[in-house]
Amino acid sequence: MLPSLPTLTVLVPLLSLAGLFYSATIDETFPQGCTSTNSLCFYSLLLPVTIPVYVFFHLWTWMGIKLFRHN
């Protein structure tokens, strides 16, 4: 059984962020050049985290608008 959409909307950004923090702090195979904001590698890691967070806030706004209009 798959989790519901609201559950996924919360879990996916949190798991993505936790994975990035784990990779940047603990993982020994994480490229050290990726921690500087001047490198292209940093942005290639930032993009996969940004997309789920964008989807989360987009759905949050949409749900807020729907609730405001129907109440």
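This report describes two helices of a predicted model and one residue in the second of them.

## Basis of the model

Residues are numbered from 1 along each chain as its sequence is written. Because the model is predicted, local features need pLDDT of at least 70 and side-chain atom pairs count only at pLDDT 80 or more, while totals for chains, interfaces and linings use all residues, and side-chain values use heavy atoms, with hydrogens and water left out.

## The annotated span

The UniProt record, an unreviewed entry, places a "transmembrane region" at residues 42–65; such annotations may be inferred rather than shown by experiment. In the model, residues 42–65 are 100% helix and 0% strand, and the end C-alpha atoms lie 34 Å apart. Helices here are DSSP runs (H or I, at least four residues) and strands likewise (E, at least two), numbered from the N terminus.

## How H1 and H2 pack

The axes of helix H1 (residues 5–25) and helix H2 (residues 40–70) come within 9 Å and cross at roughly 155°, the axes being lines fitted to C-alpha atoms over the stretch in contact, with angles from 0 to 180 degrees between N-to-C directions. That makes H1 roughly antiparallel to H2 (angles over 145 degrees).

In contact (heavy atoms within 4.5 Å), H1 residues including Thr9, Pro13 and Leu20 meet H2 residues including Leu45, Pro52 and Phe56.

## Valine 55

Valine 55 lies in helix H2 and is partly exposed, with a relative accessible area of 38% (buried is under 20%, exposed over 50%, partly exposed in between, with a 1.4 Å probe and protein chains only). Valine 55 and proline 13 are 42 residues apart in sequence and 8.8 Å apart in space, C-alpha to C-alpha.

Note on methods:
Angles under 35 degrees count as roughly parallel, over 145 as roughly antiparallel, 65 to 115 as roughly perpendicular and the rest as oblique.
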